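Q: I would like a close look at a single part of this model. Please keep the description plain and tied to residues.

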Amino acid sequence: MASRLQIEGDASVLLRVTHSNLKSFAADIRFSLQMNVEAVKDKLWKKCGTSVNSMRLELYDDCKNKLCDLSDDSRPLGFYSPLDGFRLHIIDLDPSSVTSGGWLEDTSLVEKYSISEDEYNKRSGTFRKFKEQMASQNPSEFRNKMSDDYMGDLCSNIKVGDRCEVDPGEKRGVVKYVGRAEALGPGFWIGVQYDEPLGKHDGIVKGTRYFQCPPLCGAMVRPDKVKVGYYPERDPFEEDEI
């Protein structure tokens, strides 16, 4: 029970503060009895977000009985005789207040930003691009940190037999293999047979055959370097007009 005798010389009071819109908000806040109601509201605005002009205050005793509304902004808080342990309840009168709708407490109501894999892969300066750069500079050190499913999500639209183009160099060919290649490192790889002898092998990498192709037409690349679609073979006799 709250003591109804304030200690002599004590010019403050400790109140329990609750809010009409914020069900999980509850705080014990000390107020000077000399500050007026408007100053009390200003202090509470900084705690809960309800603006001073949209705030109505109700005072309850420690037995949950409503005692009064703090209706006069010019009156000192002590005029309403609050005691330690009493409750000060905030009523937010603004229907468009930041506290309304529950989104300050329920994060599922907040619209989440999302981006497709394709759009993310096009961006520079991402953490994925940073990891790829680090892997290319220190392949042996980085290999141990990559999971077995590394870049597996990028293989969903890549199938054996698809025409493709490989960067850098816009080299065209046919997808011959999709899967893991332990000899090359963790994660997924794409085996490509180039239309021209621009590769490094015939489908055998470090003693393991992943696919069949003519000599120097084979390559194993990461899925992010491969674009599948309509990529016809280039005419080797085609010349630019002079």
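Which residue in β8 is the bridge partner of Val175?

A: The model is a predicted one. Val175 has Val192 as its bridge partner in β8. That bridge belongs to the pairing of strand β7, residues 171-181, with β8, which is antiparallel and runs over 8 bridges. The connection from β7 to β8 is a hairpin of 3 residues.

Strand β8 also pairs with strand β11, residues 218-221. This pairing is antiparallel too, with 4 bridges. Here Gln193 of β8 is placed opposite Gly218 in β11.

As for burial, strand β8 covers residues 185-194, and 9 of its 10 residues are buried, so the strand is largely enclosed by the rest of the structure. Buried here means under 20% relative accessible area.

The same cut-off can be applied to a helix. Helix α1, residues 37-48, has 12 residues and reaches 16 Å from its first C-alpha to its last, close to the expected 16 Å at 1.5 Å a residue. Its buried residues are Val37, Val40, Lys41, Leu44 and Cys48. Viewed down the axis of α1, these buried residues fall within an arc of 95°, so they line one face of the helix. The strands that the buried residues of α1 pack against are β1 (12-19), β2 (26-32), β3 (55-60) and β5 (87-92). After α1 comes Gly49, which has a positive phi, near 95°.

Notes: Residues numbered from 1 in each chain as written. Predicted model: local features only at pLDDT ≥ 70, side-chain atom pairs only at ≥ 80, totals over all residues. Heavy atoms only, no water. Buried < 20%, exposed > 50% of the residue type's maximum accessible area, 1.4 Å probe, protein only. Helix = DSSP H or I, 4+ residues; strand = E, 2+ residues; numbered from the N terminus. Pairing = 2+ DSSP bridges. Expected span 1.5 Å × (residues − 1). Arc of directions from axis to C-beta. Contact = heavy atoms within 4.5 Å.
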